[in-house]
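Me: I should be grateful for a close look at one part of this protein, namely its salt bridges. Please set out who the partners are and how they are placed.

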Amino acid sequence: PYSTSAPSRLWRFWSSATRAKALPPPSDSSVVRTLSGDALVRRLGLFDLILLGIGASIGAGIFVVTGTVARDAGPGVTISFVLAGASCVLNGLCYAELASRFPAVSGGAYLYTYTAFNELTAFLVFAQLMLDYHIGAASIARSLASYMVTMLELFPFFKDNVPSWVGHGGEEFLGGNLSINMLAPIVLAVLTIILSQGVKESSALNSIMTATKVVIVIFVIFAGAFEVDVSNWSPFAPNGAKAILTGATVVFFAYVGFDAVANSAEESKEPQRDLPLGILGSLLVCVLLYIGVCLVLTGMVPYKFLGEEAPLAEAFTSKGMKYVSVLISIGAVAGLTTTLLVGLYVQSRLYLALGRHGLLPDVFAKVHPTRHTPVNAQVWVGVVASVLAGLFNVRVLSHILSVGSLTGYSVVSACVVVLRWNEKSANENSSRWISSWQEGVLSLFIVASSGFVAGLCYRVGAPLVFSLAAVIVALLASVALQYRQVYMRAASFSCPGVPIVPAICIFFNIFLFAQLHYEAWVRFIILSIITVGVYAFYGQYHADPYADETIVYRRAPAEEVQ
């Protein structure tokens, strides 16, 4: 509610955009609270959360991206995955602190931003994330449909008898942008129905498919280990350190997905304990699996002879182990299924959070009274993905993806720093013209800007001195963060090295942002403008930052918790 004496619409917009949620003390998850029809149900244990993170992160890419990057980096691709994994672990530490610190409600990066910064920034983060999720889900659904048809064609009856428009994408129209695919929407509809039935059912499917995928990857690693020729690992870095670093910027996105765990807070049995362990545990498993595949692949075949489309399958075929290629196809289907399932799950929980806060229509906030799932939000994300996957060749949009992930990771890292500041000292004036809080936010912005400049210099091949200058500026801003702010210790899980670790995350994430296609930058700007417009005409009038504080959470039946 606003006073009618507000001086202007601009002031009204500004006062709405800059309001933030307060961070209440974390609730005691051991208390069983009364039932509510608006609540989700707590069924996910630690093992479920780890499988959720693995399911979201490892798709078919583990069988493809490892080889494509190895063609440039050589056996040093292993170091590329280690560097990218280390960066994601640092991002994971930031997510883990906030996941354990916040009340166990849906929202993830959007909720953290709403509390640390303000309403408009949180809405912008949501929009960037959601476009990634929508396009990503449609793209994965088309890939999954194509893999499924390929497996069907292994049987003589289906060989060359499946029309291209069923799964591979039929005749293209409008310059290739329109392409009919019948199987992708069917797959999406089935997964949407499963997700709408309840988190128990969808978690069971994810666990089965993820376990299948991990077992196949481990089998591939062990089967390939007996075919390794260590001489293929020499030279280890044939194209130098730059190829390894470039490889790290590419394979970073192979780890994206662990943040899905943070969005399951409202359905975790012991969120304060299990969410940090789920985030970091799933990341470490992914790192080990990627490293194992890299070592086997580059040891079996000299890096120069690795295939483009299916390097791992071709490597085993060249060793007379064609049956492993069939297993790899099964693993790819399982991997894509879990990635798609978890992606649809996360989208619905984000829509649920915004529906509760009024930034989107409250139809998204409705929770089914018996299944305890946000059915309206779940059906909506399924319909959007089905339309995109069924009609459009969304793979042509792949180069504008990853903007949301990098934006979300960077803002979450900044949230860790901001929420650690001592509230009393942050409001004090550190000089005559700027408060301590404003100075800290400015320092974070300088770190991010320096990361973009360094990434841009690296991308265009500018002299090294320019990149070093950007690094030095970022270091100075980090020093200001370290010594000109007063930090409190987190009450639960604590990210080590605050503010340096979050600053490193921000710098590297924005460095990667600078490596994206220029159209991704245009997409970032255009979507931000549209989002501000939606907020100005709808969000500011309906938002209620404290709406979800009246939600009462539902425990799973006692026999399921044990």
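Reply: **The salt-bridge network**

In this predicted model, salt bridges link E97, R101 and R420 into a network. The structure holds 8 salt bridges, and this account follows those of the network before turning to one further pair.

E97 takes part in two of the pairings described here. With R420, the side chain of E97 forms a salt bridge at 2.9 Å, N to O. E97 belongs to helix α4 and R420 to helix α15 (residues 403-420), so this pair ties together parts that lie 323 residues apart in sequence. With R101, E97 forms a salt bridge in which the closest N and O atoms are 3.9 Å apart; the cut-off for such a pair is 4 Å. Here both partners sit in helix α4 (residues 77-101), 4 residues apart, about one turn of the helix. The network thus holds one pair within a helix and one pair that joins helix α4 to helix α15.

The burial of the three residues can be stated one by one. Residues count as buried under 20% relative accessible area. E97 is buried because its relative accessibility is 0%. R420 has a relative accessible area of 7% and is therefore buried. R101, at 15%, is buried as well.

A further salt bridge joins R523 to D132, with the closest N and O atoms 2.7 Å apart. This pair, too, links distant parts of the chain: R523 is in helix α20 (residues 518-542) and D132 is in helix α6, 391 residues apart. Both R523 and D132 are buried.

Helix α6 (119-152) also leads into the loop that runs from α6 to α7 (164-167), where L154 is placed. L154 has a relative accessible area of 56% and is therefore exposed. Together with L152, F155, V326 and I330, L154 forms a nonpolar patch on the surface, with about 440 Å² of accessible area in total. P163 is found in that loop between α6 and α7 and, at 36% relative accessibility, counts as partly exposed.

For the setting as a whole, the protein has 21 helices and 4 strands. Buried residues make up 57% of its 562 residues. Among the contacts with a separation of 6 or more, 84% are between residues 24 or more positions apart. The accessible surface of the protein comes to about 23,600 Å², and carbon and sulfur atoms account for 68% of that surface.

Conventions. Residues numbered from 1 in each chain as written. Predicted model: local features only at pLDDT ≥ 70, side-chain atom pairs only at ≥ 80, totals over all residues. Heavy atoms only, no water. Patch = residues over 30% accessible without salt bridge, like charges linked within 9 Å, V, L, I, M, F, W, Y side chains within 5 Å. Areas by Shrake-Rupley, 256 points an atom, 1.4 Å probe, with all protein chains shown as cover. Helix = DSSP H or I, 4+ residues; strand = E, 2+ residues; numbered from the N terminus. Buried < 20%, exposed > 50% of the residue type's maximum accessible area, 1.4 Å probe, protein only. Contact = heavy atoms within 4.5 Å.
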